[in-house]
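Open the structure in your viewer and keep the selection panel at hand. The stops below go one selection at a time.

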Amino acid sequence: DDTLQMNAPADPAPADSDPADAAVPHDSRLLPIALAALGVVFGDIGTSPLYAMRECFSSHYGLAPTHDNVLGILSLIFWALIVVISIKYLTFVMRADNRGEGGILALLALTTQNFKGSAKQRAWLIGLGIFGAALFYGDGVITPAISVLSAVEGLHIATPVLDRYVVPITLIILVGLFFIQSRGTARVGAYFGPVMVLWFSTLALLGLVNLVQAPEVLAAFDPEYAFQFFAINRWTGFLVMGSVFLAVTGGEALYADMGHFGKRPIRLAWFSFVLPAIVLNYLGQGALLLRDPAAISHPFYLLAPSWLLYPLVILATMATVIASQAVISGVFSVTRQAAQLSYCPRIAIRHTSDQAIGQIYVPAANWALLIAVIGLVLGFHTSSNLAAAYGIAVTIAMVIDTLLVLTLARIAWGWSWPHIGLAVAAFLMLEVAFLSANALKIPHGGWITLLIAGAIFTLMITWKDGRKLLNQRLQENAMPLDLFLQSLNEGSTLRVPGTAVFLTSTPDGVPNALLHNMKHNKVVHERLVLLTVKPEEIPRLKDEERVSVHPLGHNAWRIVVRYGFIEDPNLPQALVLCERYGLHFEMMDTTFFLGRATLIPTTRAGMALWREKLFASLFRSAIRPMDFFRIPYGRVVEMGTQVEL
């Protein structure tokens with residue numbers, strides 16, 4: 001019997017609260033954390049110069065690298081970075097931190113806490129957020145594949161003889177990356193941080209060297225060139241927006257990784273180092289194309305002199321490995337949040353740092369991602385083919401982020417409708433344009449990421465609905481608590497020494513495990529505890545908020561233990577906190593009784609039969625309650641029961 005149950009909404013955190021930042025009070029600690037963030041957070045967006053400009057002039061657009069076209073695309077890329085990343089994510093969306101934690105599910109939890117609409121509207125809001133989380137998994141699959149492939153393809157510039165080794169080398173690198181994930185985000189970030197400093201410095205230097213040879217590209221800062229680009233190219237200009245979007249992929253991963261490092265280090269790294277380096281490199285590529293339009297075959301690698309090509313390929317490969325890290329660590333964060341918020345089964349999660357709660361490793365998500373990434377590399381072979389599929393999932397996820405944040409701004413921050421309208425004009429209109437252009441990629445491979453997202457969405461919704469259905473069935477068969485307490489008062493049941501803790505998700509009824517124990521053993525322990533675990537829609541709670549104790553009489557107690565969605569339940573530790581209520585638990589004298597339910601799908605009212613079968617399969621795959629709740633094996637008794645769905 002799964003014992004997690006959603007709690008009533010908690011009070012929202014202030015929009016600017018950020019415990020993760022509060023942990024970095026001194027500049028002496030801020031800079032090292034910003035360096036570690038550089039190695040984890042910005043890899044995705046930092047490697048976009050490898051392919052974004054090239055794809056904007058891809059042959060299927062038929063767009064010539066003329067002076068006006070080059071400046072127009074540079075202007076689009078620059079203002080996309082400013083509006084989507086600098087203003088929307090780093091200035092606006094990061095205000096919507098759920099007590100320091102970021103990502104689509106943290107944002108969804110924060111929004112639903114404050115939502116006052118109808119149940120149907122709330123269900124639509126939750127469905128939208130869950131679909132956004134599912135889309136993030138699609139992004140997590142395609143980003144490692146396209147990033148590493150685009151770097152290794154630089155070998156073709158050096159010598160076409162190495163073409164046949166591009167895919168094998170890419171696969172070896174990706175397998176190695178996923179195998180080191182168990183070492184943890186902190187260690188990975190410490191190794192990758194210095195590499196990314198070198199990478200962004202190289203981006204800036206290569207761009208600057210070419211920029212001084214054609215400084216007229218600086219005119220691209222004028223947004224008029226972007227408008228002229230559309231006026232001249234019209235439909236083709238609209239289509240190119242799908243490739244311009246490649247320059248801003250990584251914004252969602254950046255937000256999801258906020259809980260690992262905090263807002264201040266991420267903002268510091270972006271505005272002081274990452275953004276200037278990226279912009280300089282794009283300007284350098286534009287300057288190169290003005291001097292040599294033939295360089296459009298691979299403008300990034302052709303920025304460098306021939307003697308620097310092999311070192312640059314090696315550095316780019318290392319940087320794209322780090323790009324993959326940004327979404328991998330983001331997937332870990334989202335998976336942990338989904339499990340704690342009851343959007344997916346209990347799953348094994350390892351903490352990789354004793355000092356930072358946000359640094360985790362999720363084995364199941366890691367290996368599932370690796371299998372999917374290998375399949376994409378083998379199926380598409382080149383980064384250009386993958387670019388045709390890249391972007392659709394990310395753009396939809398970004399639109400969902402915007403809708404949720406605007407909802408939060410209206411209902412929790414008190415924004416007026418004129419302010420909301422201004423934000424819609426600034427963010428949503430641009431993102432809808434990106435989405436419309438990327439939608440044309442669906443027949444050319446974009447359907448894959450949507451298929452992945454659809455499958456994840458189905459699993460999450462089925463689990464959520466299945467948990468609700470299971471709780472209903474358990475409630476139907478549960479004995480009313482008052483009736484049970486009355487039987488204790490009558491003294492008809494023998495009381496034996498010791499403490500029995502029964503985990504239950506039905507706080508108003510008697511757990512099935514307790515009824516089975518009475519039926520078969522004919523006894524009730526001297527001290528009886530009915531314990532329910534409730535995840536809150538906030539990241540973490542203080543110890544004084546963790547436990548509530550309610551005496552039921554006859555030495556029976558109701559205990560409710562609460563956890564935030566980034567915390568790992570530990571029931572023995574939680575019971576220690578009951579001492580302030582006069583309850584002392586001696587583990588060697590305490591037995592935990594767990595219900596072990598066998599689910600039987602049926603055709604009765606509930607979910608569709610195939611969904612019930614899927615839920616039953618997911619239920620069996622969840623890790624055991626004693627592992628999830630850190631209960632000593634020697635203190636557990638499991639009572640089996642069958643539940644017809």
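Two strands pair if DSSP finds at least two bridges between them. Helices (H or I, at least four residues) and strands (E, at least two) are DSSP runs, numbered from the N terminus. This is a predicted model: local features need pLDDT of at least 70, side-chain atom pairs count only at pLDDT 80 or more, and totals for chains, interfaces and linings use all residues. Residues are numbered from 1 along each chain as its sequence is written, and side-chain values use heavy atoms, with hydrogens and water left out.

**Stop one: the strands.** Select β6, residues 523-535. Of its 13 residues, 12 are buried (under 20% relative accessible area; exposed is over 50%, partly exposed in between; 1.4 Å probe, protein chains only). Add β4, residues 494-503: 8 bridges join this strand to β6, and the two run parallel. Pick V501; its bridge partner in β6 is V529. Now add β8, residues 556-563, which is also parallel to β6 and joined to it by 8 bridges. Here T532 stands opposite V560.

**Stop two: helix α6.** Select residues 104-114. How many of them are buried? The count is 11 of the 11, so α6 is largely enclosed by the rest of the structure. Show what covers the helix: the list includes α7 (119-152), α13 (251-256), α16 (309-340), α19 (392-411) and α21 (446-477).

**Stop three: V83.** Go to helix α5, residues 67-92, and pick V83. Its relative accessibility is 18%, so V83 counts as buried. Contact means heavy atoms within 4.5 Å. Leaving out residues up to four places away in sequence, V83 touches K88, A426, F427 and L430. For a distance check, pick T111: the C-alpha atoms of V83 and T111 are 23 Å apart, with their positions 28 residues apart along the chain.

**Stop four: the cores.** A nonpolar core is a set of buried Ala, Val, Leu, Ile, Met, Phe, Trp, Tyr and Cys residues joined through side-chain atoms within 4.5 Å. The largest has 169 residues; F42, L81, L105, W199, F200 and W270 have the most contacts inside it. Helix α5 gives the most to this core, with 16 residues. A second, separate core of 25 residues includes A574, F592, L594 and M626.

**Last stop: cysteines.** Select C56, buried at 0% relative accessibility. C344 is buried too, at 14%. How many disulfides (cysteine sulfur pairs within 2.5 Å) does the whole structure hold? The search finds 0.

Notes. Disulfide = S-S within 2.5 Å.
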